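Me: I'm new to looking at protein models, and I'd like some help reading one. Could you take me through it feature by feature?

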Amino acid sequence: MQATAYTYDSETRSGSVLLDDGTPVPFGAPAFDAGGLRLLRPGQRVRIEVDGEGEARCITLVTLQTF
């Protein structure tokens, strides 16, 4: 699934993304670390993997979108 980086805190390695419908979804350090990234800037296009649905939705991976 694709999304856009919305917020990122380099100290906690957590933040949030915006889905294409504008829904913000938070992610924690484990999801960020799983992607092997060092930094994330708001506005970057990212690829995410998600477990669960609705309120139980949890991002498990954040990495840069490549074409």
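Reply: Sure, let's go through the sheet, the core and the salt bridges in turn.

Reply: Some ground rules: this is a predicted model, where local features need pLDDT of at least 70 and side-chain atom pairs count only at pLDDT 80 or more, while totals for chains, interfaces and linings use all residues. Residues are numbered from 1 along each chain as its sequence is written, and side-chain values use heavy atoms, with hydrogens and water left out.

Me: What is the order of the strands in the sheet?

Reply: In general, strands of a sheet pair through backbone hydrogen bonds, either parallel or antiparallel. Here the open sheet has 5 strands in the order E3-E2-E1-E4-E5, with antiparallel pairing. Strands (E, at least two residues) and helices (H or I, at least four) are DSSP runs numbered from the N terminus, and two strands pair if DSSP finds at least two bridges between them. At the edges sit E3 (24–27) and E5 (58–64), each pairing on one side only.

Me: How many bridges join E4 and E5?

Reply: E4 and E5 pair over 6 bridges, and Asp 51 stands opposite Cys 58 in E5. Their hairpin has 6 residues between the strands, and Gly 52 there takes a positive phi near 85 degrees. E1 (2–9) and E4 (45–51) pair over 3 bridges, with Val 46 as the partner of Ala 3.

Me: Which residues touch the most other members of the largest nonpolar core?

Reply: In soluble globular proteins, nonpolar side chains tend to be buried together. A nonpolar core is a set of buried Ala, Val, Leu, Ile, Met, Phe, Trp, Tyr and Cys residues joined through side-chain atoms within 4.5 Å. Buried means under 20% relative accessible area, exposed over 50%, and partly exposed in between (1.4 Å probe, protein chains only). The largest core has 15 residues, and Val 17, Phe 27, Leu 40, Val 46, Ile 48, Ile 59 and Val 62 touch the most other members. Its largest share, 3 residues, comes from E1. Contact means heavy atoms within 4.5 Å; the contacts of Phe 27 include Val 17, Phe 32 and Leu 40.

Me: And which residue forms a salt bridge with Asp 33?

Reply: A salt bridge is a side-chain nitrogen of Lys or Arg within 4 Å of a carboxyl oxygen of Asp or Glu. Asp 33 pairs this way with Arg 13, the closest N and O atoms being 2.8 Å apart. Asp 33 lies in helix H1 and Arg 13 in the loop between E1 and E2, 20 residues apart.

Key. Lists of a residue's contacts leave out its neighbours within four places in sequence.
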